[in-house]
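This report turns to the internal spaces of a protein chain and to the aromatic side chains within it. Please keep the sequence and the model in view while reading.

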Amino acid sequence: MLFNIRQETLPRDELEALQLRRLQDVCARVYANVPFYKKRFDEAGIKPETIRSLEDIQRLPFTEKQDLRDHYPYGLFAVPRDNIVRLQASSGTTGKAVVLGYTQRDIDNWAELTARSLTAAGVSRRDIVHIAYGYGLFTGGLGAHGGAERIGATVVPASGGATKRQTYLLRDFGATVLCCTPSYALHLWESGMEEGIDFRDLPLRIGCFGAEPWTEGMRQDMEQKMGINALNIYGLSEIMGPGVAMECVDAKKGLHLWEDHFYPEIIDPVTGQQLPPGSTGELVLTTLTKEGTPLIRYRTRDLTRLDFTPCSCGRTHVRIARLEGRTDDMLIIRGVNVFPQQIESIIMENEGLSPNYQLIVDRKENLDTLEICVEVDAQLFCDEIKHLQNLEKRIQKKVKEFLGVTTRVRLLEPHSLERSQGKANRIVDKRIL
Ligand code: DLL
């Protein structure tokens, strides 16, 4: 099923023609209304009317998170404040919040795109959609909510927290779809099991999980534990919120990025040069229709690649590969670059290990150390100590083999790591504390 058949299946030439018209329009709008962009365009010697092809986008300056911070709160808004009907913000872990303004049309487009996304996951108006993303300034809750309502599904706006109660609601209201971060979904599942609620016995059939990185191994684990189709939803506050890109249940191979609203590029994060299709690099997004806070060539810091090959679902919009990490999530351990997801993939290859893990980085006698703490399931934990030690050694060896770093592995008993109600905290870097 498609939510907007015409737009989602636009032939590539029509899609590109539409993108160019919209790119020209957004350049004209930011140049006329946002002093920051006028200055940046002038410095680069670019007039909006000289953008004549999609390739010309490469002449435009990038926008970075710091630019939004520097213009806190409203400095990058492109319409008078009166036309802004909603503010959302992303706090992040460091620095000032980033504030985004939405006009009514932005809110409508957002609902349309999250509706497209949920439909791609297999959600329809017959579904009961339990939303456990946080509601508030974070875009997860309200974003998913708008899409589910637009489809006409029955929405349960649970938000995050009160985890035990949520497992009762899931059972009693008969939710068929769960939207939350993958780590919180696991937390809900664990709480359910403790309460005697097995997700496999519920009508639950789809999970729309995102807002944080997760791996294919974690997907398989969750699908098996919960008896659902677990699908990947991507987005970021700066660009809109959830629903920028979504995996389709038909192919489950990459996330369709709604190209009539966002123009994607993949760049080399160091040189800033565009990379050819298929290469992995930093995703850069230009908002083509946003009115409140349009952004030109926004550097997401997310690492992925673009796949323009046709998809079995019939959608023509490009697919981004499962996110490989963020350029700023990369740990450098004794000079070796390590992404948490690489370690997660290795963990998830082992029977009995849970996706609850934490990486502890420290520096001892001027040398970086990396400790991998992973919870094992109850059955394995009661196993012989020798078996556990062998497993620790096996993971250590695999990490050394694949990533070239020496680590210490600690298998922990179930529930020893703190659970998050939103995004999981995978890294404890004691070097900078
Ligand atoms: O996390 C928006 C969102 C809400 C997306 C609900 C999906 C579902 P921010 O808090 O601004 O917005 O964080 C955005 O989270 O740049 C990625 O690094 C990461 N992220 C989001 N979705 C995924 C995903 C929301 N599916 C940042 N896989 C992004 C990996 C993701 N990382």
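What follows describes the overall fold, then the cavities and a pocket, and finally the aromatic contacts.

**Overall form**

The model is predicted, and its chain contains twelve helices and 21 strands. For 433 residues, a compact globule would be expected to have a radius of gyration near 22 Å, and the chain agrees with this because its own value is 22 Å. The C-alpha trace extends over about 70 × 55 × 40 Å along the principal axes, and of the 433 residues in the chain, 55% are buried.

**Enclosed and open spaces**

How many cavities of 30 Å³ or more does a search of the whole structure find? The search finds two, and these are set beside the second largest pocket in the table below.

| Space | Volume | Lining by class |
|---|---|---|
| Largest cavity | about 70 Å³ | six nonpolar, four polar and two charged residues |
| Second largest cavity | about 40 Å³ | eight nonpolar, one polar and no charged residues |
| Second largest pocket | about 630 Å³ | nine nonpolar, nine polar and eight charged residues |

The wall of the largest cavity is drawn from several parts of the sequence, with Tyr102, Asp106, Asn109, Trp110, Leu113, Ile239, Met240, His261, Phe262, Thr287, Thr289 and Lys290 as its lining residues. Helix α5, which covers residues 104–120, makes the greatest contribution to this lining, giving four residues.

The second largest cavity is lined by Leu68, His71, Tyr72, Pro73, Tyr74, Leu76, Phe77, Val98 and Val99, and there is no charged residue in that lining.

The second largest pocket has 26 lining residues, and those that lie nearest its centre are Trp189, Asp221, Lys225, Ser354 and Asp377. Both helices and strands take part in this lining, since the elements that give two or more residues are α8 (182–194), α9 (216–226), β18 (353–364), β19 (367–376) and α11 (378–381).

**Aromatic contacts**

The structure holds six aromatic pairs. In one of them, Phe36 and Tyr37, the ring centres are 4.9 Å apart and the planes stand at 65 degrees, so the pair is classed as edge-to-face, the cut-off for that class being over 60 degrees. Both Phe36 and Tyr37 are buried.

Tyr37 also pairs with Phe41, and here the ring centres are 6.3 Å apart with planes at 80 degrees, so this pair is likewise edge-to-face. Why are Tyr37 and Phe41 separated by about one helical turn? The reason is that these two residues are four residues apart in helix α3, which covers residues 35–43. Tyr37 has a relative accessible area of 0%, and is therefore buried, and Phe41 is buried as well, because its relative accessible area is also 0%. Together with Tyr31, the residues Phe36, Tyr37 and Phe41 form one aromatic cluster.

Rings elsewhere in the chain are met by charged side chains. The charged end of Arg299 sits over the ring of Phe62, at 5.3 Å from the ring centre, while in another such arrangement the charged end of Arg322 sits over the ring of Trp214, at 4.8 Å from the ring centre.

How values were computed: Residues are numbered from 1 along each chain as its sequence is written. Side-chain values use heavy atoms; hydrogens and water are left out. On a 1 Å grid over the protein atoms alone, a cavity is a set of points where a 1.4 Å probe fits but cannot get out, and a pocket is an open set with protein on both sides within 12 Å along at least five of seven lines; lining residues have an atom within 4 Å of a point. Grid points are joined across faces, edges and corners, and a volume is the space filled by probe spheres set on the points. Ala, Val, Leu, Ile, Met, Phe, Trp, Tyr, Cys and Pro count as nonpolar, Asp, Glu, Lys and Arg as charged, and the others, Gly among them, as polar. Rings of Phe, Tyr and Trp (its six-membered ring) pair if their centres lie within 6.5 Å; planes under 30 degrees apart count as stacked, over 60 as edge-to-face and the rest as tilted. Buried means under 20% relative accessible area, exposed over 50%, partly exposed in between (1.4 Å probe, protein chains only). A charge sits over a ring if NZ of Lys or CZ of Arg is within 6 Å of the ring centre and within 35 degrees of the ring normal. The radius of gyration is taken over C-alpha atoms; the globule rule is 2.2 Å times the number of residues to the power 0.38.
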